[in-house]
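Biologist: I'm new to this structure and don't know where to look. Could you pick a single part, go over it closely, and then show me what else there is around the chain?

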Amino acid sequence: RDVTQPWVCPICFEAVDGDNGDVVSIACADEHRFCRLCLLQHVDSQPFPRCPAVRCAYELSEQDLIVICGAGSQRVERFREDLLTKAVDQLSEVVRCPNPDCSCALTVDGGRQRWQCCEWPAWCTKCRQPYHYKVECEAVEGLCKRWLQWVSTDRSTYHQEEVQHSRFETQRIALEEALSRHAELQRDEEWKRANCRECPRCQRVVEKLEGCDQMICGQDAHGGNRQNGCGHHFSWNEARAYRVAPESRPLPQLNVEEVRLRGANLRHPFTHCSSCEQDIVGPRFRCIHCPDYNLCVTCERECATCATHPLNHVFEILFKADYDLRAHLPLGSHVLIADHSERHGFEAILEHEICQDVFQVRLLSDNSERQLHRSAVQVKLETSKAVEAHVKAHVAAQVAEAQQVAAKRQQAVSQMRGTDCVVG
């Protein structure tokens, strides 16, 4: 190419001497020429520059950039990186690191994966957000909003409800104890009515242990065993039967509708608080960005501003356990009534299974019975080990049932094979 003659650049309209190499010819079909200064500004303005000539669609190659900028220039290196990026982006299932300073890219087959390629926190290959365990990408935004609401308002509201629930529990225990005493008094009165008479003179309760019907109030008819009494002689058959007069006591009133603490007394099997290392009773706070980090409600409040865990991590609040303990209700189990009635929270025992999901229960406070659906009870287990044992027993029962079904099926198949089939 002859670029030695004086020449005017069609971009800046400056006369340029071609002897010192300031005129560059592009390798397009028409070999358009421009001054080096204009081309340097042109190629820096876009990642994949074209020939500046009007209606020329030629895309500059790496060799063109070497001629314009020099073989070792940063623009040539950037052009090579851009070409590689463009080629990678044209591949299917390619995901790039969310860090703008990182050029890492990877192909993902199947579902989402956890990936970390630089100092950027581990991220999800599906949504490119900080990696989240146990929840899908579609649920992350909703959990973030719910967590923000908890931090903003619900945390203080919950702990106010917790104080109110504590007062409710005190009242409930008092009512349950009062009903238990009342039931015991009622049983005692019923026994007296069946086994005792009243002294005709002082109406003192008299019990006949053995012997004849002649009675003396306050002692045995033949002497001895002196007790309080008026000493009146009478016949057992002529004495009036004991009249039941149970004591009437005012009982505490409960408003269960006003006090419903979410997750109260709930135990989470196979899980412990990562801070205090104790069993989690009540709501469970599970970090969606850590493989296994859980907090109880007390430690969540205390660790709200601590530096032991990243403050930007989102927690999922679990008011229900991963396992439904009510799915396994063997007879004789101790349960708590959870039907929001006047006996809500009272302890009972499963006496009889009426049908698949309905049970006859007996309240321990007064031995009264009622029918409850499976959903209206909570299994009473004092420790997480007891909860875990309950879950394991349920799994074992399911395995045994599956084995029985398989055995019956195999027996039926064997009988069918051993029977001669007659075609009529």
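Modeller: Here is a close look at one helix, after a few words on the whole chain and before a walk along the rest.

Keep in mind that what you see is a predicted model. The chain has 424 residues, and 35% of them count as buried. Counting secondary structure gives 6 helices and 23 strands. The overall form isn't that of a compact globule: one with this number of residues would have a radius of gyration near 22 Å, and the chain has 43 Å. Measured out along the principal axes, the C-alpha trace spans about 155 × 80 × 35 Å. The accessible surface comes to about 26,500 Å², with 49% of that belonging to carbon and sulfur atoms. As for how the chain touches itself, take the contacts with a separation of 6 or more: residues 24 or more positions apart account for 46% of those.

Now for the part I picked, helix α1, which covers residues 36-43. Which of its residues are buried? They are C38, L39, H42 and V43. Look down the axis of α1 and these buried residues fall within an arc of 125°, so they line one face of the helix. The spacing makes sense if you remember the basic geometry: an α-helix has 3.6 residues a turn, so residues three or four places apart point the same way. Turn α1 around and you find L37 and Q41, exposed residues on the face pointing away from the buried side.

What covers the buried residues of α1? The cover includes two strands, β3 (23-25) and β4 (33-35), along with two helices, α2 (62-69) and α3 (74-89).

Let's follow one of those neighbours. Helix α2 contains D64. Buried or exposed, what is D64? D64 has 6% relative accessibility, so it counts as buried. Setting aside the neighbours within four places in sequence, D64 is in contact with A27 and Y58. For a feel of the scale, try R243: 179 residues from D64 along the chain, with 117 Å between the two C-alpha atoms.

Moving along, have a look at the aromatic rings, which form 8 pairs in the structure. In one of them, the rings of Y131 and Y133 have their centres 4.9 Å apart and their planes at 85°, so this pair is edge-to-face. Y131 is buried, with a relative accessible area of 12%, and Y133 also counts as buried, at 18%. Another pair joins W150 and Y158: the centres are 5.8 Å apart and the planes sit at 50°, so you'd call it tilted. W150 and Y158 are buried too. Those two rings belong to a cluster linked by ring pairs, with W147, F285, Y293 and F315 as the other members.

Next come some strands. There is an open sheet of 3 strands in the order β10-β9-β13, with antiparallel pairing. The edges are β10 (205-207) and β13 (240-241), and each has a single partner strand, so one side of each is left without a neighbour in the sheet. Strand β9 (residues 196-198) pairs with β13 over 2 bridges, and here you can spot R197 standing opposite A241.

Elsewhere, strand β19 (residues 334-337) runs antiparallel to β20 (residues 347-353), and 3 bridges join the two. One spot to check is V335, whose bridge partner in β20 is A348. β19 also pairs in the antiparallel sense with β23 (residues 377-379), over 3 bridges. There, L336 stands opposite Q378.

Last stop: a couple of backbone angles. F270, in strand β14 (residues 267-272), has a phi near 60°, a positive value in a residue other than glycine. F270 is partly exposed, with a relative accessible area of 39%. E277 sits in the loop between β14 and β15 (279-281). Its phi is positive as well, about 65°, although E277 is not a glycine. With a relative accessible area of 63%, E277 is exposed.

Terms used. Residues numbered from 1 in each chain as written. Predicted model: local features only at pLDDT ≥ 70, side-chain atom pairs only at ≥ 80, totals over all residues. Heavy atoms only, no water. Pairing = 2+ DSSP bridges. Helix = DSSP H or I, 4+ residues; strand = E, 2+ residues; numbered from the N terminus. Buried < 20%, exposed > 50% of the residue type's maximum accessible area, 1.4 Å probe, protein only. Arc of directions from axis to C-beta. Contact = heavy atoms within 4.5 Å. Rg over C-alpha atoms; globule rule 2.2 N^0.38 Å. Areas by Shrake-Rupley, 256 points an atom, 1.4 Å probe, with all protein chains shown as cover. Phe/Tyr/Trp six-rings, centres within 6.5 Å; stacked < 30°, edge-to-face > 60°.
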